[in-house]
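Student: I'm new to this structure and would like a close look at one part of it. Could you take me through the first helix and tell me how it sits among its surroundings?

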Amino acid sequence: WIVNRRMHSHYHTLEVVRAFNRFAGARADGHLILIQGDADPEYARLVSQEARGHPRIHVIQGFLAQEALRDWLCAADFAISVPRSDQLSSSILEAMQCGAIPVLGRLPSYQSVGAAAEWVDISPGRIEENLTKMFVQTAGYAPERLKAGRDDTWQKIKEINNPERIGAAI
């Protein structure tokens, strides 16, 4: 799993880390990659403290060159984006271009991704619990299910990037 959003409370980064810690406590599979980006320094410190000592949480400091970011996104099975509010951001589209299955908060702006995404209820007070359930569910995907999810992601990104669709929107 990768979080291709800057470390910030708006993006629930701390809740993602806490949910992964709950999920991974007794499991030996999966890694969580966090990209610091343009983080709030104090919040990044809190996230790093929460992640410290966990061998499967990797905090990438600062900004990444585009090629390095692409390598991380291509290595991930899932890309998590669970902000309080958002547009369908380039971070999500970049991850989908690399074949990472989007894990998205239920926001109106994300609905166009449809069945290509795994959906998480980000209601206040339930997000950590729901993220933990998502980690358990997606960790259990058989290789065939991962392939089908990647195929759905590829199909959806082709639809989103269709030049005719883009031209009609202008």
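Tutor: Let's start with a word we'll need all the way through: a residue is called buried when its relative accessible area is under 20%, exposed when that area is over 50%, and partly exposed in between. Keep in mind, too, that this is a predicted model. By that yardstick, buried residues make up 47% of the 170 residues in the protein chain.

Before zooming in, here's the wider setting. The protein chain has seven helices and six strands, and reading along the sequence gives the pattern β-α-β-α-β-α-β-α-β-β-α-α-α. Its radius of gyration is 15 Å, close to the 15 Å that the globule rule gives for 170 residues, so the chain is as compact as a globular protein of that length. Along its principal axes, the C-alpha trace spans about 50 × 35 × 35 Å. If you look at contacts between residues at least 6 apart in sequence, 69% of them join residues at least 24 apart. On the outside, the accessible surface comes to about 8,500 Å², with 52% of it belonging to carbon and sulfur atoms. As for charge, there are 19 positive and 20 negative side chains, and the centres of those two sets lie 3 Å apart.

Now for the helix you asked about. H1 runs over residues 13-24, which makes 12 residues. Is its length what you'd expect, or not? At 1.5 Å a residue it should span 16 Å, and its end C-alpha atoms are indeed 16 Å apart, so the two agree.

How much of H1 is covered? Mostly it is: nine of its 12 residues are buried. Those nine are Thr-13, Leu-14, Glu-15, Val-16, Val-17, Ala-19, Phe-20, Phe-23 and Ala-24. A bit of background helps when you look at a list like that: an α-helix has 3.6 residues a turn, so residues three or four places apart point the same way.

And what do those buried residues pack against? Quite a list: the strands S1 (2-3), S2 (32-35), S3 (57-60) and S4 (78-81), along with the helices H2 (41-51) and H5 (127-139).

Let's follow one of those partners, S1. Val-3 lies in this strand. With a relative accessible area of 4%, Val-3 falls under the 20% cut-off, so it counts as buried. Leaving aside neighbours within four places in sequence, Val-3 is in contact with Val-16, Leu-32, Ile-33, Leu-34, Ile-35 and Ile-80. Val-16 is one of the buried residues of H1; Val-3 and Val-16 are 13 residues apart in sequence, and their C-alpha atoms are 8.7 Å apart in space.

Between S1 and H1 comes a loop, and two of its residues deserve a stop. His-12 is found there, and it has a positive phi of about 60° although it isn't a glycine. For background, most residues other than glycine have a negative phi. His-12 is also buried, at a relative accessible area of 7%.

Tyr-11 is in that loop between S1 and H1 as well, and at 15% relative accessibility it counts as buried. Not counting residues up to four places away in sequence, Tyr-11 touches Arg-5, Arg-6, Val-82 and Pro-83. Its C-alpha atom is separated by 7.1 Å from that of Ser-81, although the two residues are 70 apart along the chain.

H2 is another of the elements that H1's buried residues pack against, so let's visit it with Glu-42, which has its place in that helix. Glu-42 counts as partly exposed, at 43% relative accessibility. From Glu-42 to Met-7 is 35 residues in sequence and 9.9 Å in space, C-alpha to C-alpha.

S3 is on the packing list too, and the loop between S3 and helix H3 (66-75) holds Gln-61. Setting aside residues up to four places away in sequence, Gln-61 touches Gln-36 and Ser-48. The C-alpha atoms of Gln-61 and Asp-38, 23 residues apart along the chain, are separated by 9.8 Å.

To come back to your helix: H1 is mostly covered, and its buried residues pack against four strands, S1, S2, S3 and S4, and two helices, H2 and H5.

Methods. Residues numbered from 1 in each chain as written. Predicted model: local features only at pLDDT ≥ 70, side-chain atom pairs only at ≥ 80, totals over all residues. Heavy atoms only, no water. Expected span 1.5 Å × (residues − 1). Buried < 20%, exposed > 50% of the residue type's maximum accessible area, 1.4 Å probe, protein only. Contact = heavy atoms within 4.5 Å. Rg over C-alpha atoms; globule rule 2.2 N^0.38 Å. Areas by Shrake-Rupley, 256 points an atom, 1.4 Å probe, with all protein chains shown as cover. Lys, Arg positive; Asp, Glu negative; His and termini not counted. Charge placed at Lys NZ, Arg CZ, Asp CG, Glu CD.
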